[in-house]
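Please open the model in your viewer and keep a selection command ready. The tour moves from one selection to the next, and each stop says what to look for once the atoms are highlighted.

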Amino acid sequence: MAKIYSHPKKVFLILLSLTAFGIFSFTQLPVGLYPNSAKPEFSVRFGLEGMDPRDFLNQYGPSLKGSFNKLEGLETLKVKARKNNVQFNLYYEWGVDPKEVEKDLKAAISSAKGILPQELQRRVGHWQNKKNGGFIAISFYDDSGDLSTLQKRLSPILLPKVKAIKGVDEASLWDPNHKNLYITLDPQKIAQYRLPLAQLNNHIRSTINQWNAGSMQIGENVYTVVMRNKVVDFESLENLSLKGIGRESLRLKDIARVELAPQAEGNNVMRTDGKPSLILHVVPDGESNMKAICDSVIDLVHESASLYPKGTDFRVLVNPSTFIKSAIFNVKKDILLGGLFAVLTLLLFVGSIKASIFAAVEIPLAIVWAFILMYLFDVSINLISLGGLALTAGMNIDASVVMVENILRHFRIVNPKNKKEQLETVAKAAREVLIPILSSTLSTVIVFLPLSATSGITYAILGDLAKAVVFSHLFSLLVALVLVPTIRSHISMSEERIPGLLAGFQSFFDRVSGFYLKVLSGLISHRRYRLGLFIGFISAFILVLTLLGPRIDKTIVAMPKTDGIWINVNIPGIKTTGQFSQKVRSVEKLLLDTQKKYVSFVFTNIWSANNGGMLVRIHDKHMIDDALKSIREILPNGPDMSLSAWPWNPSSLPIPNPRDITIQITGPEKERVELAQQMRFDMRGSKKFSYIESTVVRGKQLKLEPRFEYIENLRKKGGPSTQDIGEYVRTLLSGRTVGYLSTKEGAKEIQVRFPSELILSADDISAAPIQAGQWLLPLKALVDIKSESYLMGLYEKSGREMTELEGNLKYEFKNDKEIDRLKGQLASLPHSEEIQILFTDAKKEINESLMGLLFALGISFLLIGLLLYLQFENLKSVAIVMCTIPLGLLGVTISLYVFGSTWSINSLLGVIMLGGISVNNSILLVSFFKQKLKDGLGTQAAALESAQLRLRPILVTSFTTIFAMAPIAFGFGEGAEVLQPLGIAVSGGMLFSTFLTLFFIPLLEVQFLSDRKEAHS
């Protein structure tokens, strides 16, 4: 080691190069709020164009399910059928690359389209269900409310520039009132010219779509051959000849109105403070720098404001960058403050300004060098990884403290006179603590290393944190074993004059040290006292865990406070989005008029005739609890309107958020659907649920039963077939999509329809005239029309057909006792033996991940035990060191209870970390105890001597960790709530465990290592 320390220039050059590479790596790392770890979920929806969902699944389901089940990484496939669509939900395993998943999924969808009829191929769409809020949303609006004109003028200003930003995956300026191309038929003209509707639709469809004639190769190029059709633009569609199904001179415009118009019903409605709004929606690719992309988009929107039409205003609805910047800044501040507190603590205990400065060098250097490995192992800068570096701000200095303290102790003994003696003294001191420093550092690394290799939820929360701790802590060895001794070998080692404050602290510490040794000597000398202390600790440990432990709230991970509140709105019985919109306006006005103290703005999104939501942005996230309580009190809940409000984060950890109750019912379809409907009725009637979703669809239908014999007779005279009648009714009621046409505003869907006011009741349907050869007959002459109610609950999970209900309880009812009681009530509803009711374990995945975490911890402690055995070669010594782990658990439990924190993965990590630190302190005590035994001291004298020599470094390492974690424990700033339980667990628990370790380890040494031969082994 002396050879290394004797070449300072080489050492400094190597370390300076590492520092430069670390700074470069830092600039290249992507910045996000949370780790880029996810469990991808995708949905594929097939629009049915009037086809019955069961017929669709019977005909195409096996092929579609076969294609999707072959996808690599797929964990679960769910199929949900509704009246107008069938949706396949694909859930993948943790860690699967979403981009690769989507690539394979697109190929499967493309293949699946080949088996579908042409009209259904156009109705296939897919999307990723992103749960981490990785998108930017900005609303644009003006006083006119003319969104189409606003979109036309804003699109060329914004979209090309936004799409050009590096890392942007998707960008769209969404007009909720987007227009389609409608052919609105004149019913009188249809009757006058006796036009068969099915033939008319087919004629229009056949003239729109271009024909793909195949492909051919010319030279090295392969050409796709297409042939244009009759209709190429709006004008040619209006002038489309109807020769062959009507008069020769008849044009489409003669019997219909051709126009671009918003969809009559079913459109989204989006409003900002009551004004109709466009939405600029931007999705980063997930691999780039999220913060940089968000900032670029927001800057672009502001910079382009001078080009917007006069009167245009905008609101930033979702901008993860704001939260990212604040949260990242907050953690960086915690690292700086924690490092500063650690250095000041070191200064007080060591009393040497030079020594404190040299040891303090370790904090920034180990963190900067950690960025090298983060860059090489694709660990981004995020709230979790920076939290890991914040942990090491106090831990990393421990090794340097031990090294500096031992060097100073040897210098006081030897008092070297020249550079050669100084180098030899430093080398001797370094060799003496080499093994303890290696053991204590590696024991911490071993604790965290398995966590970095876990999967699922545990990895999503702890993976980046564990890697950051391991990377930084390993580099702390390089500083402690190489840099600190090298510096101390080549500078003046004369003792600095200690200022008054430091001298006063040293005097205080000497008194504390004397008192500690006096108490410890008394305990060591009296066996009764030792046994009493052991019994007292065991009793306190049991009481704390049984009485206080269960009273601490439990959660997977604490969520950060937010300035957003989401209000879900459900209004049953509404037929149109327009009617729904008017109902919601009253809620908007109520919020804006009565909640000015809290509300900044309200954004409304209505996506169906019965469902919508409102994003309420409040002035300050610290008002979130009061704002949520106030808003919940004024929401007009009742039988005709259901509203529920909860905090909404712009970005969250990618962890499952299961419903409080999930019920799966299998058995005969009719009975299981009726039972599910009764359960849903009882759940809603209990008024304890904030959210209920069911796969059951209940409604009324008009069933048309064709008079087949009569229709067949008419068919012989040129009358309609049953298929023609179905086409007529479909067009009459809902319109019929016949193709797409490219316009200046983009591709527009073409739909043939009748005027909406034509059919207002069942009688209008009965009287609707249909062409039957030479005659016009009312529809009721060809079909019998019956009104009946229906229930449908078509749903499959992993190939098994079932009916499912899910529900979330209101906050005041969220407890295990209430959930079990409700489950018992629902399960007791009358049903036959053929029906099976299964309440799924909502927390199954979470519990499995926690078990995986506990398994990883078991492996970690086993490896620590093996490492200790290699050092001590004695099982009793290993057992004494390892028994300090429960001391940390006791302190953590008390701290979490006193400060009102929670049991979570992060607070559990605090237990792990405390176990590692306690083990490190114990290693130092036991190592010096055994050394003193070898030097010839008796058992009690060796215990007291080792306790006296190690008191200062143990207190320094403990208090540097406590004060380094204090800023995180107090939880100031954005995102602080995520890591706060960890800070409380470490800071508070460390106080208890340090105190107990200083007494228990010496007592255990005396109690179990009194045999001189055994101690020498």
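Begin by selecting Leu197, Ala198, Asn201 and Arg205 in H8, which meet Asp724, Glu727, Tyr728 and Thr731 in H25. Bear in mind throughout that this is a predicted model. If you extend the second selection to the whole of helix H25, residues 722-733, you can follow how H8 and H25 pack at an angle of about 75°, with their axes 8 Å apart. Angles of 65 to 115 degrees count as roughly perpendicular, and H8 and H25 are therefore described as roughly perpendicular to each other.

Step back along the chain to arginine 194, which sits in the loop between helix H7 (187-192) and helix H8 (197-208). A backbone torsion display is useful here, since the phi of arginine 194 is near 50°, a positive value in a residue other than glycine. With a relative accessibility of 42%, arginine 194 counts as partly exposed.

Next, select the loop between H14 and H15, where aspartate 378 is found. Aspartate 378 also has a positive phi, near 55°, in a residue other than glycine, and at 72% relative accessibility it counts as exposed. Serine 380 lies in the loop between helix H14 (362-376) and helix H15 (383-395) as well. Is serine 380 buried or exposed? Its relative accessible area is 12%, so serine 380 is buried. Show the side chains of serine 380 and asparagine 382, and you will find a polar contact between them at 2.9 Å. Widening the selection beyond the neighbours within four places in sequence, you find serine 380 in contact with Pro30, Met374, Ser385 and Asp464.

Now switch to a cartoon view for the sheets. Four strands, in the order E6-E13-E5-E14, form an open sheet with antiparallel pairing. At its edges are strand E6 (168-174) and strand E14 (313-318), each of which pairs on one side only, and the twist averages 15° from one strand to the next. Inside this sheet, select strand E5 (residues 136-141) together with strand E13 (residues 278-284), which pair in the antiparallel sense over five bridges. One position to label there is phenylalanine 140, which stands opposite leucine 278 in E13.

A second open sheet comes next, with six strands in the order E12-E11-E17-E18-E16-E19 and antiparallel pairing. Its edge strands are strand E12 (275-276) and strand E19 (642-648), each pairing on one side only. Colour strand E11 (residues 269-272) and strand E17 (residues 599-606), which run antiparallel and are joined by four bridges. For threonine 272, the bridge partner in E17 is phenylalanine 603.

Stay in strand E11 and centre on methionine 270, which has its place there. Methionine 270 has a relative accessible area of 8% and is therefore buried. Which residues does methionine 270 touch, not counting residues up to four places away in sequence? They are Trp174, Pro176, Lys275, Pro276, Ser277, Ile279, Phe603, Thr604 and Asn605. A distance label between C-alpha atoms is worth adding as well: those of methionine 270 and serine 139 are separated by 8.8 Å, although the two residues are 131 residues apart along the chain.

Move on to strand E24 (residues 746-753), which is mostly covered, with six of its eight residues buried. Strand E7 (residues 179-185) runs parallel to E24 and is joined to it by four bridges, whereas strand E23 (residues 736-743) runs antiparallel to E24 and is joined to it by seven bridges. Select glutamine 751 to see the two pairings at one residue: tyrosine 182 stands opposite glutamine 751 in E24, and glutamine 751 is also the bridge partner of threonine 737.

For the last stop, select helix H31 (residues 905-934) and helix H32 (residues 939-970), which pack at an angle of about 150° with their axes 8 Å apart. Angles over 145 degrees count as roughly antiparallel, and H31 and H32 are therefore roughly antiparallel to each other. The contact is made by residues of H31 including Met913, Ile917, Leu924, Phe928 and Leu933, and by residues of H32 including Thr939, Ala943, Leu949, Ile954 and Thr961. Looking across the pair, you can check that H31 passes H32 in a right-handed crossing.

Technical notes. Residues numbered from 1 in each chain as written. Predicted model: local features only at pLDDT ≥ 70, side-chain atom pairs only at ≥ 80, totals over all residues. Heavy atoms only, no water. Buried < 20%, exposed > 50% of the residue type's maximum accessible area, 1.4 Å probe, protein only. Polar contact = N/O pair within 3.5 Å; in protein donor to acceptor, adjacent residues only side chain to side chain. Contact = heavy atoms within 4.5 Å. Pairing = 2+ DSSP bridges. Axes fitted to C-alpha atoms, helices over the stretch in contact; angles between N-to-C directions. Parallel < 35°, antiparallel > 145°, perpendicular 65-115°, else oblique. Left-handed = near helix turned anticlockwise from the far one by under 90°.
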